[in-house]
Structure formats: C-alpha cells, structure tokens
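Let's take a walk through this one together, a stop at a time. Keep the 3D view open and turn it as we go.

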Amino acid sequence: MRMKSYAKLNTGMRTHAESERPPSFGLCALPPDPLDTEPQFAFPSTRPFRSLLTSIYLSILYSDPTALLRATRLCHIFAFIYTMDSEGDSGNKFHKLLQEAQRLAAELNPKLAKKRRSAKPVSGVVSWRQRDNSGQIIPKFPPKTYNSTTRKRSSSEVAEPVFQQPEPTPYDSAQELNALQDLLRDIPPQEKGTVPLSWAERQAQSSEKWNASRSAMVKNIFLAEHTDTYICDICLQNTSVVRCRDCLPRQFLCSSCDTQIHQHILHNREAMFEGFYQPLAPNMIIQLQNDGSHQIKHEVRLLPVRLPQQCTCSPSQLKLTCGKEVILVGINGRYQLNLPTLSCSQCMKSWTTGLDELVQCGYWPATINHQTIFHVDLFQSFQDLKQLAPGLSRQAFIGMLDERTKYFGRTGKICGDTFQRSFLEWCYAQHEVDKLLEVEPFRCTACSPQMHAVSVDGNRKLYRFKNASGSATKGLFDGTFLARDEEVSSFVAQIQQATKHTPGKGMCGSSQWTAAKEHSGKSASKIDEEGLEIAVCRHGVLLRALNMFRGEIYAYPLYLQKELSPSNVSFFCSDVACKYYPYLEKVSNKCSELQGLLEMHPLLSVMHAKAHSWTCELKWGGRNQEGAGNTIGEEVEQVNSFLSRAAISTKYMSKGGRTDMLTVLAMGWNKKKMSNMDKILAQRYAKAVQRVADDKLKLEELKAELRIDDAVIQQWVTEVQHWPEANSSLEGEASREVILKKKIEGLYLSVMQRKHRLYRQTDSNKRRHKLRQKIAEEKAALSSAIEELREQTDIILPAVDELLLTENFVWSWTYLGPTDLRTKKAIFDQVMVIRRMQEEEQIVVQEMRRHLNSLIGVAGSLKTLLLDQSNGAHCGYHSMLRRRLSVVNAQVHHTKALFSLALHGEMTSQDMLSEDREEQVSDVEDTSDDDNDIDSS
C-alpha cells in the first residue's frame, strides 16, 4: 500500500472515529507508520481490540523486528473495522477482515518461533534502515538511530523500520520492575517535598513579617519604658526603685537590696522612682528618706579584685576600706572607683591593692602608678576589631567608649594616647609569653625547614608623614617584623659602594618600572617612610619587612633575600625578576658573601608578567619555570590588601607606634593563616588533583580538534620555548619599520597597563580622569602607527579596540618559523599548566608532611618543658604549657584526619570551598599604591 493511500485512509478513519467515538472512550496512540508523515490516527481503547493489538504488537516488538510492517498493516485493519458502519453487511465484512488479521498473525507465529533461539534481547531502542524498492535492506549503510527530525521521504521511497539489536541483558527489565513494584506496594505514597524558596522570595516573606510586626515592636518599646509599681524581686516586700537589666530575671530591686547586691558588681542600673528610667553610675545609690521619698546619693565603690588571706585572724577582725581613686576603662566606658584596702585590727596588718594584684585579676595599668587601669577584655576587643577592620583608628574606638560612658549615666573622657601605649605594652607582653610557649609568629610550619618560594614586593600606601609626633622614638617591636632602619641603611650603602649603579628606571619591552631601579634619591615630599618592602611565603604568611626611604630599589629585596637565605628558598618571586636577577649577578660578583643567593631561581609573578613583554613572560614567568608548581608569586598583593587598610591611621602615628601597630597586625594575620594551614593544604592538594585531570582532558580536546599527536605537541612546546632567543637575534637593525614595530608594542603595553590600574591603583576621580585622557591619546597614536605600518609593509593588524581585547597579543614579526603562533602558544600554555599542576601535587604533599612534623615537634618541645623541674616555681607557666599542648594535640589530630581525606580523594564539595577570602590567592588584585609603578616610555 502506498503512502498516499495510507494517508487518505488514515485521515478518513481519524475523522470518522472522532465523530462517532463515544465520549467515555480514551485514546491509545499507535506507533508511527514509516510510510506516512501525516499525524497518525487513533482508535478507541475497547477491550477486545486493545488486548489483541497489545499482545501481537509487544510480541513483535521484543521478538521479531522484521515483522513491524505487517503489524502496522494489521493495526490499520483493526482501525478500519472500527470505522465501518454498523448497518448492512458490516458483520460479514467484519468477520472477513478479522479472519485476514488472524491469518497474518498466524503467518508470524512460525517465524517467531525460529528466531527466538538466536534473537538477542532488545531494549526497545528504535532505528531505521534504508531499503530498496523490493524491501531488501541495503547492507553498505550502517544502522541509524531513529530520530524524530528525519527528513521527509518522497512518495517513491518505501522504508521499513527495524530495531537495533542491543547487548544481551542478564535479566528481564520489565519483570524486575514489576517485582520491585510488588515489594513497594505496602509503602504509603510519599508527599513531595517543598521546593526551597529563592532568595528574593525569602526576602519578600521576611519583609512582610517585619511589616506586620513593626507596629507591635514600637508598642513594646513604649511598654519597656513604663515605670509601674513593682515589688522587689529579691526580698518580695519593699517597692522596687531600681531596674538592673544585668540581673535578669530578677531585675527590679529595692534600695537596700540594690546596695547589698551591687556592692562589688559594676552593673548598669536605672532609677525608676521619678516616673522614668534614669541611668545610675556604680557609685550612685538610692536612699529612702524619713518622709518616704527617695533621693540619689553618692557612695564609694570599690574596684572588684580578689582579696588576699594575709593573716590567720578571725574574719570579723578584718576591715575593708577604700583606698585611692582610680579610673577603670572597660568595654562599657569609664568608671570612677576606689582601690580596696584591707586591715586587721588584731594583728595590725594591712594590705593595699598593687600592680601585681591588678594584673592577676585581669586588669592592665595605663601607667606604673596605675592611676588609670584598663580591663584586658577591652584590649582583646580592640585587637579583634583591628584584625577585621585595620583602618579603625584609636580615636574612633575611644569615641565609642565615651558615648557608652554617657549612655550609662557616667561622666569623664578617656585619653587616646594612654590607651594606645597601654595596649601596645599588653601586646608586647603577650608576645613574650608566646615565645615561652613555643609560638613563632613569623614562621610558616609548611615551609620549614625548606621553603619553596618567597614573594617580595613593595607597598607604597604604608607611608608616614614627617611631622608626626615622636618621630625619633623606637617601637617595642623594633626588629621583630620590620628590620631595623640602621641595619638596612648600612647594607644599602655597602652595596652601592661595591657596585656602580645604573641610574634611571628599568625597562622591560617598552615599559618602565619604578620598582626596577638600582638607585633613587630621597623623596622631597613631606613623608618620612615611603612605604614597606614585604616578603611572604607561598601560603601568604608574613616573614619579614623593611621601611623604604628611597623608593623601590633593588637593594631592598636584596636585603630581604639575604635575611631569608637560611630558610633554603628555592624560588625568589618578584614583579621585576627579569631585571633584578641580572642585578643580583652583578652584585654577587663584587660581594662574594652574596654568591649563595644565586641558588634561588628567579620567578616573575604571574599577573605582573602580563604587563611585561611576551618574550619576558616566556622566559621568566612562573607558569613556565620548571619545578615552580602552582606558585603565582602574587602572595604579597594578598597581604597588601589587608595592611593597606591600616595606612589611613598609621601615616599619622609616631615612628615607634607605626612599627608596633603594623607588627601587631602582621602577627594577627599570621595567626589566622596558621590556624587554617591544614585546611589550606588539603584544599590545594584536592584542587591540584582535580586540575590535572581537567587540564589533561582539555589538552586531549585540543589534540582532537587540531588533529595532532604528542610528537607535534612536544615540537611546538620546544619551538615556543626558543622564541625569546630567536626574537632577540632579530633585533639588530633599527630601520623605520623596526621603530614602528617597537612603537606599536610600547603603546599597546602602555594602554593595557593604564587600563589595568585605572580602578585598582587609583582612589580619586581626578587621577582616573588623567589616566583616561592619557589612554585616549595613546590609543590615537597607536591607531596612526598601525596605519603607517600597513602602508609601508604588508603587515595587517586588527583595529585598536579589537587589538586591546586580547590580553597578551603575539606580534607576527616576533617569531621564527611558520605562522599560526596563537595555536602553538595555546598548546604551550596548556602543557605548562599540566606540568605545573603535576608538580604542585608533589610540592603540596611535601608541605603537608612538613606542617604535620612541625606540629608534632612543637608538641614534643612542650612535653619537654613540662618535664623540666627547673620551672616548678612558675605554676602559671606550667598551666599555660598544658593548655598550649592541648591545643597543639587537637591540631595534630584534626590535621591528620583532614590530610587523610584529601589523600584518599574523599573531600566533599563543601570542604573544597575556601575557608576565607584571604585564601583566594589566584583572584587577588594589586592594591598597593603603585600609581607610578608602570610608566610607558
């Protein structure tokens, strides 16, 4: 039967069936007819027809694929039977057609029996095979999977569907599914879980709830200020006259109970007898008058301290009196109190609170005479705030304390200079205690005893004005983190005398770098220290720093490199490594004591390398250094983003105050880093393993796309590695064409650098406006140079805007060999990434072992100190050793568990997330104030 007749028959049957079908019958869609592209007909799901068709069709579907065409014709016969008129000789026609259908089914049965022996089980995947006009399968074409978007065949083509034979399955999937459903019959239907709301929906619901309860909140504020008549919550007899929120749930007190309870407690109370709540200072009490009224009177309050047992006399013979007046400053502001004095009337002994008792009770004196004392909790709060907000000034913090003093009904001001001096003294005492407890704040446990890489860079935001007070004083932490200025100056003078320095800025390509200088004069501005030169390890742990007085010169990183040489550093990272290393070679030839520094391999930081010439990046870049791993060399920028926020306050400090505050901030930074070191290392290992697998897959995709093998890849990698030498050999002549090429390269780099620091290194619109003007001028000059080069040569470059979209453009005249440089460079970069990540796995494993060994070593040292009987007199020291040992043992246990998960690849996706923003080293930005760091010639 041809397609047209089938289409006409199907259309007629469908129309008649839709008009005559009872409304209660459902529809059962038939499989598509391969000879028909029209929408298929549907027949009513009456029981006899449906049962017969289902049994025949399923047997054909799973046993004999070649009988699908006959089954389709059989379905059409049944559908035509249904559409016949019920009158006349329809019964005879029905029986004839039914006999024809049974005959067709009987013809199928013997064929099915023969083919069941060799037929493979079929999963039901349909595919169509092309046949000729006689119905035979064309063998030269492979089977094709059925696709609903198959093109429409012409009327002359007759294609019959067949089924693709899948691999045999060991069990019947339908039977297994039915058996499983039987097992699950007694389980009640589960309700579908609610879909979690989006953030916007949650915020909308929260806003609705707040809107509904806002009026009640306002009402409750008024009710909280209502001064009703309450009975004392302590004696349950007298009328309360004081409310103390710190004594909840018994907050309402009478005058006698208030005096008894708050004699040695500094609670914030409120008087309520005048019809409103009035704040009361600790030395103010409410006294009941003879006429029944109440009056506020002054009473001496003693500083809460522990009283000693000075004699064996009866406690009744001891008398507690008030001593000298002192000022206590806590987190709630300023208090006016008196020191307690204890005397015995029997043995005539007396005791007065001294400096020892104050320190042991948690106070810290502002002076040795302790006229003003601070609560240690206040210092700890200020230190925590400085770590979270380094730009917080002491004036702002003291202002907050003054406001709290007023809020609670007290008076008086707090001296900011006294607070800062006392705070720094407390920090230095804590530093001395930490040294006795085997705490080394400027040592990385993962980099000891052999350090893989050190990164050095300058921060010119951390300057200090000359007119700041106390410029000549030295800090308590002088030489702890920041090197002593006289030692650095002596070293710089020695180096400059031994070598003949080259004036001017260093150049890379067509860019000048202020950090690449051998000599620089003293700044003529009103600043003293011009910034810091900082050295950190590859984990972001601060190691050493020094003050810069002459800008960023080579002698400063050279001094830091000399100081860190005992740590066996493998790589020395710098943003001008291409110029610093030749300088180091020159200096080491003159100063033999510096010869050992040449063993450190130079590494150009990854982000700064993009502002250098592309040949410089290939030769010195961190991604191309064998053995460097995933070291990016930009770790100083991560630290600068933290320390630079303190510049707003440190630039007005004295010399010693600035040194101490920066050291305290550096110790807090390292403490946070070291507490998370186990998690950092575990994350790095897991990410390195994952990156290796992902990058290898990308390389395979590139190989398949380019149709190259490993030999070609190795050839391209070797060729790219020799590009810098080949390019340097072509820089002989200086014709007009060469000058134009150099000009284009310089302008391109200059515009890219200025755009990079437009928002990263400028904090004023005035400076950004100047940069935008300079960018516009250089873009116009670049466009004219490109046009002139095109007129003189056949070199065609992209337009300026299109050219600037490429981050590291490879110029067509700076290579030796065939074209298609971008493809080779892409393959080279991918190969280098894979090699570096494979090295990173090994490096991180070594660092994990070092970190764990360092913790175990500290635990052993603490145990040795505990066993030392010579320290038996210091009972508190032994207690602190035990506490420190408990903390270290817990760290060892947690580190072992975390490292085991990482090595076995069992870290969850949540564990893979970074624990804080400071660890995102690869995404850090250069926040140091290097507005003049990159200047184009």
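Which element gives the largest share of the lining of the largest cavity? It's β17, with 3 residues. Bear in mind throughout that we're looking at a predicted model.

Let's stay with the enclosed spaces for a moment. Rolling a probe the size of a water molecule over the atoms shows where empty space is left. Here there are 5 cavities of 30 Å³ or more, and the largest of them holds about 90 Å³ of space. Its lining is made up of 14 residues, and those closest to the centre are Glu 533, Pro 557, Ser 574, Asp 575 and Val 576. Two elements give two or more residues to that lining, β17 (453-459) and β22 (571-574). Sort the lining of the largest cavity by class and you get 8 nonpolar, 2 polar and 4 charged residues.

Now for the pockets. The largest pocket comes out at a volume of about 1,500 Å³. It is lined by 44 residues, with Asp 434, Val 439, Met 667, Lys 671 and Lys 672 the closest to its centre. Helices α9 (376-388), α11 (416-436), α19 (655-675), α26 (821-867) and α27 (875-903) are the elements that each give two or more residues to this lining. The top contributor is α19, which gives 9 residues. By class, the pocket lining splits into 18 nonpolar, 13 polar and 13 charged residues.

Since α11 is one of the pocket's lining elements, let's see how it packs. Two packed helices are described by the angle between their axes and the distance between the axes. Helix α10 (residues 394-407) packs against α11 at an angle of about 110°, and their axes are 10 Å apart. That angle makes the two helices, α10 and α11, roughly perpendicular. The crossing of α10 past α11 is right-handed. Follow the chain into the loop between α11 and β17 and you'll find Pro 449. The peptide bond joining Ser 448 to Pro 449 is cis, with omega about 5°.

There's another helix pair to look at, α13 (residues 555-564) and α14 (residues 577-590). These two pack at an angle of about 70°, with 11 Å between their axes. So α13 and α14 are also roughly perpendicular to each other, and α13 passes α14 in a right-handed crossing.

On to the sheets. Strands of a sheet pair through backbone hydrogen bonds, either parallel or antiparallel. One open sheet has 5 strands in the order β14-β13-β12-β16-β15, and its pairing is mixed. At its edges are β14 (350-352) and β15, each pairing on one side only. On average, neighbouring strands in this sheet are turned by 35° against each other, direction ignored.

Where does the mixed character show up? Start at β12 (residues 318-330), which runs parallel to β16 (residues 372-375) and is joined to that strand by 3 bridges. In this pairing, Val 329 stands opposite Phe 374 of β16. With β13 (residues 333-344), on the other hand, β12 pairs in the antiparallel sense over 11 bridges, and there Leu 318 has Cys 344 as its bridge partner. Strand β15 (residues 363-365) is antiparallel to β16, again with 3 bridges. Look for Pro 365 here, whose bridge partner in β16 is Ile 373.

The hairpin of β15 and β16 has 6 residues between the strands. His 370 sits in that loop, and has a positive phi of about 45° although it is not a glycine.

Our last stop is an open sheet of 4 strands in the order β7-β6-β8-β9, where the pairing is antiparallel. Because β7 (252-253) and β9 (278-280) stand at the edges with a single partner strand each, one side of each is left without a neighbour in the sheet. Strand β8 (residues 269-271) and β9 pair over 3 bridges, and Glu 270 stands opposite Pro 279 in β9. Finally, look at the loop between β6 (242-244) and β7, where Pro 249 is found. The peptide bond from Leu 248 to Pro 249 is cis, with omega near 15°.

Key: Residues numbered from 1 in each chain as written. Predicted model: local features only at pLDDT ≥ 70, side-chain atom pairs only at ≥ 80, totals over all residues. Heavy atoms only, no water. 1 Å grid on protein atoms, 1.4 Å probe; cavity = no way out; pocket = protein on both sides within 12 Å on 5 of 7 lines; lining within 4 Å. Points joined across faces, edges and corners; volume = space filled by probe spheres on them. Nonpolar A, V, L, I, M, F, W, Y, C, P; charged D, E, K, R; others polar. Pairing = 2+ DSSP bridges. Axes fitted to C-alpha atoms, helices over the stretch in contact; angles between N-to-C directions. Parallel < 35°, antiparallel > 145°, perpendicular 65-115°, else oblique. Left-handed = near helix turned anticlockwise from the far one by under 90°.
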